[in-house]
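This report walks through one structure for a reader who has the sequence and the coordinates at hand. It takes up helix packing and aromatic contacts in turn.

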Amino acid sequence: MTMQMPDFARLGPPAFEEKDLRFLFEHFPVPGVDLEEAVRLALERPTTLESLLESDYVHAAIRDRQLRWLEISPKLYFNVLLRRSLPDARNADTRRSVHYLSNLLGLFVRSERVCRVQADEEQSYHYLVDLVQEAAQAGPERGFYVQSHIGNYALWLAGICRPWIDHRYRYKRRPVDLGYYCKMGRGYYATASRHRIAEQLGLRPVFQDLARRFDYYRGGLEKMAGNWA
């Protein structure tokens, strides 16, 4: 039986929507670009697409408040902005992880998806401790999806929601600080990376990278969130 690809495992080469690819070239600084030919080349040459995603003109176009949100997908939006928030040069591991996280952030713009292990579930989990209990009681396949979600949820909270965590810890006397979320995220990404399903889905190197450099990606997400305002 063929395993269904979960929504968070859609890596790449990034299957951007056609409107995304057109957006990349419609704002190209050199006039007279053949859109159809440019889109074809971008699909055939991943390095070309990577260069576009890193370019100043694409970043400026996405940050232009006069452009409508519907002109591009959330995946492209987060892919470009997250790159700007991560220091240092890109290597293959970083590019793969950025594609993973931009897809994840595109899913998490829907608030109900943030608290669900998989998109088609009705059960919501608002606390990591409940997810940990679910992972401990789950079978092997279900356990992998819960472990993955714990890593994803912890990284999203520690990066995008850092001010919320700090406020609750300092003023609401909640017992968990940022370090707790980082420890949970690193640990469960590492655990999920060792699962056979991670290998089957091509997620092993992604989860290994996210576990090893959790603080790096967390900092990028925090910076990106701060730049939204």
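The buried residues of helix α5 are covered by elements that include α1 (18–26), α3 (46–54), α4 (56–63), α6 and α14. The model is a predicted one, and in it 10 of the 12 residues of α5 are buried, so this helix is largely enclosed by the rest of the structure. The buried positions are Lys75, Leu76, Tyr77, Phe78, Asn79, Val80, Leu81, Leu82, Arg83 and Ser85. Helix α5 spans residues 74–85 and reaches 16 Å from its first C-alpha to its last, close to the 16 Å expected at 1.5 Å a residue.

One of the residues named above, Arg83, is touched by glutamate 50, which also touches Arg95 and His99 when residues up to four places away in sequence are not counted. Glutamate 50 belongs to helix α3, and its relative accessibility is 17%, which is why glutamate 50 counts as buried.

The setting for these contacts is a protein chain with 14 helices and zero strands. Of its 229 residues, 48% are buried, and among contacts with a separation of 6 or more, 71% are between residues 24 or more positions apart.

Helix α6 (residues 92–108), named above among the elements that cover α5, also packs against α9 (residues 140–160) and meets α13 (residues 204–212). The two packings are set out below.

| Helix pair | Angle between axes | Distance between axes | Residue classes in the contact |
|---|---|---|---|
| α6 and α9 | about 80 degrees | 12 Å | eight nonpolar, two polar, no charged |
| α6 and α13 | roughly 95 degrees | within 9 Å | six nonpolar, two polar, four charged |

The angle of about 80 degrees between α6 and α9 makes α6 roughly perpendicular to α9. On the α6 side the contact is made by Tyr100, Leu101, Leu104, Leu105 and Phe108, and on the α9 side by His149, Asn152, Leu155, Trp156 and Ile160. Helices α6 and α13, whose axes cross at roughly 95 degrees, are likewise roughly perpendicular to each other. Here Asp93, Thr94, Arg96, Ser97, Tyr100 and Leu101 of α6 meet Pro205, Val206, Phe207, Asp209, Leu210 and Arg212 of α13. Tyr100 and Leu101 are thus named in the contact with α9 and again in the contact with α13.

Tyr100 also leads to the aromatic residues, since one aromatic cluster is formed by Phe8, Tyr100, Phe144, Tyr145, Tyr189, Phe207 and Phe214. How many aromatic pairs does a search of the whole structure find? The search finds 11, among them tyrosine 77 with phenylalanine 78, an edge-to-face pair at 5.3 Å centre to centre with 75 degrees between the planes. Both tyrosine 77 and phenylalanine 78 are buried, and both are listed among the buried residues of α5.

A further pair, tyrosine 189 with phenylalanine 214, is tilted, with 6.4 Å centre to centre and 50 degrees between the planes. Tyrosine 189 sits in helix α11 (residues 178–193) and phenylalanine 214 in helix α14 (residues 214–227), so this pair ties together parts that are 25 residues apart in sequence. Tyrosine 189 and phenylalanine 214 are both buried, and both belong to the aromatic cluster that includes Tyr100.

Methods:
Residues numbered from 1 in each chain as written. Predicted model: local features only at pLDDT ≥ 70, side-chain atom pairs only at ≥ 80, totals over all residues. Heavy atoms only, no water. Phe/Tyr/Trp six-rings, centres within 6.5 Å; stacked < 30°, edge-to-face > 60°. Buried < 20%, exposed > 50% of the residue type's maximum accessible area, 1.4 Å probe, protein only. Axes fitted to C-alpha atoms, helices over the stretch in contact; angles between N-to-C directions. Parallel < 35°, antiparallel > 145°, perpendicular 65-115°, else oblique. Contact = heavy atoms within 4.5 Å. Nonpolar A, V, L, I, M, F, W, Y, C, P; charged D, E, K, R; others polar. Expected span 1.5 Å × (residues − 1).
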